[in-house]
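Q: Please take a close look at one part of this model. I would like to know how it sits among its surroundings.

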Amino acid sequence: MATPVFTAHQISKAFGPVHALSEVTVALYPGEVHAVLGENGAGKSTLMNILSGFLRPDAGELRLHDHPVQFSSSAAARHRGVEMVHQHFMLVPEFRVEENLALGQLDRLTTSLNVETRAAQAVRIAQDLGWQVDPRARTGDLSVGQQQRIEILKALASDAEILILDEPTAVLGPDEVEDLFRVIRALAQRGKSIVLIAHKLREVLAIADRVTVLRRGKWVAEAMADDVNATQLAEWMVGEVPPLHEPSRAVTTEPRLVVQDLTVRGDRGETSVQSVSFTLHCGEILGFGGVDGNGQVELAEALMGLRPVASGELTWPGRTTLPRRAYIPQDRHEDGLALHMSILDNLLIGGQADPALAWGPFLRPWRIQAWAQRLVEQFQIRIGKISDPVSSLSGGNQQKVVVSRALNLTPDVLVVVNPTRGLDLRAAYTVHECLRASAEAGVAIALFSTDRDELAELAHRSLFMAGGEFQEDLNSALTGGVA
Amino acid sequence: MRLAGLALGRGAVIAFGLMGILVLTLAAFRLPIGDSLRLITQGAFGSEVGIARTLVKSTPLMLAGLGIVVAWRAGMFNIGGEGQFVLGALTGATLFRLAPHVPPVVLNPLILVASVLGGAVYAGLAGWLQVRRGVSVVISTILLNFIAIQMLDWAVAGPLQQAKGQLPMTERLPEAAMLLRFNRQTDLHSGVILAWIAAGLVFVFLYLTRRGFQLRLVGENPSAARVAGLAVGARQVGAMALSGGLCGLAGGVEYTALAGQLGTGFAQQWGFLAIPVALLGGLHPLGVIPSATIFGALFAGSENLARFTPTGSTLVYVIQAAAVLGYLLLNELRERRAKLAEGAA
């Protein structure tokens, strides 16, 4: 057997209390397409970032051509022929294509920046691969698929021997995926070695020679793609599937929200949620699973009334007015908190209309102070002073701020997205207890989570989203119905 | 209590810093420091007239500074205080032109309301351009400043020019339509009190009302504001309008308090100076009161100095620039220290 060109040996990496990778070994052979598979949080991206020099491992070593190497930066990795193509492109939209291509050569710039000559090689490679590239076009005007080509060309032009592609198909349409795979195969035939992150099993089986599966930061299996099928891979990714809880508590059959043929568009006008229907009952925790970016956030925002409904309808049985809705958004830094504002102010977000806290247009500072103190005690948020900026809190306590203020609204419907992401076990436990208690109190909860264990533990039943539609179970969501 | 202590400590730092900058500036201009400081202090506080001048000079700074605070708190970097100031006064003067025979008692409040509206519309336009058309409010307000000044120059030499006389000036307001003056010796006028009241009202609005809270939330994290169900764009336009209204009011007060007529020289950069005033006031409405007063005193004082030296009010601009740079430096240092402390924890 040939020796591997590039090996990650027993790599471990932790972020605070979270072990992103523990003792993972992946070997890349010359001329091979190696797919790294795993659910969200399996550690794929961390591994890629280590391979490409963005992160340094806590333990373990990288071996290039059987010599140990340490990349001090991504530039160092690039010098040794290891190039990463990011999921979020590192292109300057205002630049012309050739300027972006030349940018890839910047670390070798010595005297003058002659864009044309520097881009020439990339353009040659493009022709060679059968890609039409207009070096004069403004990069921002190109389609996403074309931009990805520029990104790949940038990597190839610097004579990369090893290409790391981070979820390259996530942004592409079916035809573009086909073309990308053709090029990946062509590159492999020319002796390039390619690492590919993916979570669509069908695609992995179509392109990869070898597959490594990670689960929660641990190596699970490695196999030649020809020797496995999608079902086997899904099992490896997911592990032993604990049966979803039967509703242990009596869930009322009183419907609170009926969703019919709901279609929702994403930020770029694409169809993110494709005519889904379901009913959410009082006291029920309804889980929405699946891999990130399959319409979960858009659906959640539509349920909250934050995103317009393209077609279909939401109805609230037995109500003439809109029910009280509360939202625990996915990204507390982005959407949940104003980090520079005080803990008090952040607790108040969404609650300013409460007649107990406001008098007409005015706020009642003393009452708010007392109320916030009570909330802090009730949810055991560990704070210094309530006037401190919320950024002074730990992640778990920040999340408690978001959760407590949502529950304090005494909502009829609670929409929750990944409520425990990034939290340690204890904080996650507290959040789970809060959700469970409010369900028992009759709140209807829509729980969006990419963490399957969370759904298994909390949800009375779960739906799985793939491509904006519901799949029967997780495996069909993963395999896209191919298994 | 703690808050007061904190504000006091901060105030002391700023006061000492300004003093240091003042001394350095005097030294740079090769002025005798002791004598110059005495002249400045005399001019600003040495007599009833001096104190009045300080207060009068601080008034447009305070009102426009409050305007800047409101916009910046909402995350809208309004650089157009000058244009809004000019347009406010211009709207007031237009009103006077169109309805010169309104009883003076009503005329004055009407002119002030008109100047608020003029400034509000002008700034609201810039806000709308950003929210709807993606034009940075920084760029548009800077450009709108130039347009406003050109409009002033054109109007006072054209449609608004006084009937008799050759000068590019508007008709003088009747004395009864001017803001109340407290005595004949000084320029002290009721607009000074108006500015202080405005500071209190802006404080109440920003910190004690729901709308104000929402405005600050929009400024701190528009994304969280959206998720909390607020129409972020509308709030931003609203904040700009309020900001422009205050800057416009500054123009209206200046117009109806002092000269009673507009000329090409009416734009005295108060709208620009309001930005450093707001920054040094910590972007807080109550901070603007001392900050505007300090700069008012510097203007009054350096006018006195200018009678004996050739520097004139140049000094004020230099000091203000140095003070803002010093303030930014201070903030930067504080942030770095905070980050270091965070890293150590």
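The request below concerns one residue and the core around it.

Q: Where is the place of Ile445(A), and which residues does Ile445(A) touch?

A: This is a predicted model. Start with the element. Ile445(A) belongs to strand S19 of chain A, which covers residues 444-448.

Next, burial. Ile445(A) has 25 other C-beta atoms within 10 Å, so the residue counts as buried. The cut-off for that is 20 or more.

Now the neighbours. Leaving aside residues up to four places away in sequence, Ile445(A) touches Glu284(A), Ile285(A) and Leu286(A). Leu414(A) and Val416(A) are also touched. So are Leu435(A), Ser438(A) and Ala439(A). For a contrast in position, take Asp58(A). Asp58(A) and Ile445(A) are 387 residues apart in sequence. Their C-alpha atoms are 39 Å apart in space.

Step out to the core. The largest nonpolar core has 169 residues. Within this core, Ile445(A), Ala446(A) and Leu447(A) touch the most other members. The largest share of the core comes from chain B: helix H10, residues 232-259, supplies 13 residues. Apart from this core lies another, of 64 residues. Among its members are Ala8(A), Leu28(A), Val204(A) and Met237(A).

Met237(A) leads to a helix. Helix H8 of chain A spans residues 230-238. Its buried residues are Ala230(A), Leu233(A), Ala234(A), Trp236(A) and Met237(A). Viewed down the axis of H8(A), these buried residues fall within an arc of 160 degrees, so they line one face of the helix. Gly239(A) follows H8(A). The phi of Gly239(A) is positive, near 80 degrees.

Return to chain B, the source of helix H10 in the largest core. Chain B has 13 helices and zero strands. Read along the sequence, its pattern is α-α-α-α-α-α-α-α-α-α-α-α-α. The C-alpha trace of chain B spans about 75 × 55 × 35 Å along its principal axes. Its radius of gyration is 21 Å, which agrees with the value near 20 Å for a compact globule of 345 residues. Of the 345 residues in chain B, 49% are buried. Contacts in chain B with a separation of 6 or more can be split by distance along the sequence. Residues 24 or more positions apart account for 78% of them.

To return to the residue asked about: Ile445(A) lies in strand S19 of chain A, is buried, and is one of the three residues named as touching the most other members of the largest nonpolar core.

Technical notes: Residues numbered from 1 in each chain as written. Chains lettered and ligands numbered in written order. Predicted model: local features only at pLDDT ≥ 70, side-chain atom pairs only at ≥ 80, totals over all residues. Core = buried A, V, L, I, M, F, W, Y, C linked by C-beta atoms within 7 Å. Buried ≥ 20, exposed ≤ 12 C-beta atoms within 10 Å, placed from the backbone. Helix = DSSP H or I, 4+ residues; strand = E, 2+ residues; numbered from the N terminus. Contact = placed C-beta atoms within 7 Å. Rg over C-alpha atoms; globule rule 2.2 N^0.38 Å. Arc of directions from axis to C-beta.
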